[in-house]
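Q: Got a minute to walk through this one with me? I'd like to start with the ligand.

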Amino acid sequence: MARLRQFGSANRSVGTGARARPVEPSSSGLLRLLIGGCPPVVRFLRQGGGSSGCFSDRLLILAALSLVMAAASSCRLDMQVQPRENPLSKSDFYADQRSERPPVEGAVARDDLREDTYFYTGKIGDNPGDVMPFAVTKEVLNRGRERFNIFCAPCHSRLGDGNGFVPSRGFARKPPSFHIARLEKAPLGYFFDVITNGFGIMPDYASQIPPPDRWDIIAYIRALQLSQNATMSDVPAGQQVPSEPPKFREPGSGATLPVLAPGTKSPEEGSQNTKDDMQSAAMKGNLQVNQ
Ligand code: HEC
């Protein structure tokens with residue numbers, strides 16, 4: 001302790017009892033702070049290490065500290081400046097003078113295997129195929145609708161009739177409707193190809209829409225096409241609307257009411273029970289009529 005005290009010329013204390021601590025004048029206080037966290041140095045000083053008085057002690061410690069710091073920083077430099085090649089640079093090390101080694105033959109980048117060519121091209125040989133590569137579930141159609149409305153509807157419209165917002169504002173060409181006979185008959189793989197490679201002035205969406213989403217969209221386009229041409233026989237049994245829809249002689253214009261074709265009941269008439277029906281039902285005890 002005697003040696004340590006030499007650092008401070010006039011030791012004062014703050015606090016009382018066990019918490020009292022000496023306050024050193026500024027510069028030697030800083031040094032003490034530096035070595036305070038280093039028990040070996042403190043121990044060395046306590047044991048009276050060094051014999052030539054306080055000034056040379058301090059010099060010695062400073063020198064040791066700077067040595068340690070220099071050693072530490074040079075360590076880091078060693079790691080930073082390593083012998084290495086910049087990517088795709090010229091190298092004298094290899095016979096072909098390329099720093100880059102060619103990949104092993106047959107190597108495939110991760111996630112790039114694409115063994116299932118139909119899934120990634122929509123083609124069987126050179127021709128577009130007409131099967132979905134996976135089963136169409138409700139989730140597939142929901143996802144397809146979501147993606148279609150994001151990526152295709154701005155031009156093709158949510159109905160797929162080609163009356164989207166973008167063409168209405170002067171896009172060079174109006175897209176064809178998906179409900180024309182040619183596109184209704186077009187195989188599924190054809191749509192995959194159009195999304196993947198674009199068509200005419202339509203850009204491709206290969207980078208925005210990954211292959212599984214492309215198939216989801218295609219399934220939804222088929223559903224859209226069906227929705228415009230469905231007949232009663234397409235509706236599964238048990239989900240059919242029981243009555244025939246009314247036939248109109250004049251469809252209403254909005255300002256005028258629709259005129260029904262002769263011999264058709266209006267939906268209200270069709271579904272409402274007449275007073276006679278209700279009375280006969282009441283007589284059979286099936287129905288209470290409050291009159
Ligand atoms: C920027 C507007 C735009 C977007 C977005 C767009 N299309 Fe098109 N699409 C067009 C235009 C315009 C054409 C007609 C191109 C032509 O004839 O040069 C077209 C044509 C098509 C055709 C018809 C090809 C044929 O044989 O006539 C299909 C199928 C099609 N698009 C599918 C899609 C699908 C699926 C999406 C969404 C992933 C999509 N499009 C997104 C503008 C767009």
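A: Sure. A residue goes in the ligand shell if its C-beta atom, placed from the backbone, lies within 6 Å of the ligand. Keep in mind that this is a predicted model.

Q: OK, how many residues surround the ligand, and which are the closest?
A: There are 20 residues around the ligand, and the closest are Cys152, Cys155, Pro175, Gly200 and Met202.

Q: What's the shell like by class?
A: It has 17 nonpolar residues, two polar ones and one charged one.

Q: And which helices each supply at least two residues of that shell?
A: That would be α7, residues 153–156, and α10, residues 188–197.

Q: Let's zoom out. How many helices and strands does the chain have?
A: You get 13 helices and six strands.

Q: What share of the chain is buried?
A: Buried residues make up 10% of the 291 residues.

Q: And how much of the contact map is long-range?
A: Take the contacts in the chain with a separation of 6 or more: residues 24 or more positions apart account for 41% of them.

Q: Now the nonpolar core. How many residues are in the largest one, and which have the most contacts inside it?
A: The largest nonpolar core has 14 residues, and Phe191, Ile217, Ile218 and Ile221 have the most contacts inside it. The elements giving two or more residues to this core are α6, α10 and α11. The largest share, six residues, comes from α11.

Q: Tell me about α11, then. Which of its residues are buried?
A: Asp213, Arg214, Trp215, Asp216, Ile217, Ile218, Ala219, Tyr220 and Ile221 are the buried ones. They pack against α6, residues 138–151, and against α10.

Q: Does the geometry check out? What span should α11 have?
A: Helix α11 runs over residues 211–229, so at 1.5 Å a residue its 19 residues should span 27 Å. The end C-alpha atoms are 28 Å apart, which agrees.

Q: Back to Ile217. What is it in contact with?
A: Leaving aside neighbours within four places in sequence, Ile217 is in contact with Gly144, Arg147, Phe148, Cys152 and Ile195.

Q: Asp216 was on your list too. Why does it count as buried?
A: Asp216 counts as buried because it has 25 C-beta neighbours inside 10 Å, and the cut-off is 20 or more.

Q: What does Asp216 touch?
A: Not counting residues up to four places away in sequence, Asp216 touches Val140, Arg143, Gly144 and Arg147. Also, the C-alpha atoms of Asp216 and Val136 are separated by 8.1 Å, with the two residues 80 apart along the chain.

How values were computed:
Residues numbered from 1 in each chain as written. Predicted model: local features only at pLDDT ≥ 70, side-chain atom pairs only at ≥ 80, totals over all residues. Helix = DSSP H or I, 4+ residues; strand = E, 2+ residues; numbered from the N terminus. Nonpolar A, V, L, I, M, F, W, Y, C, P; charged D, E, K, R; others polar. Buried ≥ 20, exposed ≤ 12 C-beta atoms within 10 Å, placed from the backbone. Contact = placed C-beta atoms within 7 Å. Expected span 1.5 Å × (residues − 1). Core = buried A, V, L, I, M, F, W, Y, C linked by C-beta atoms within 7 Å.
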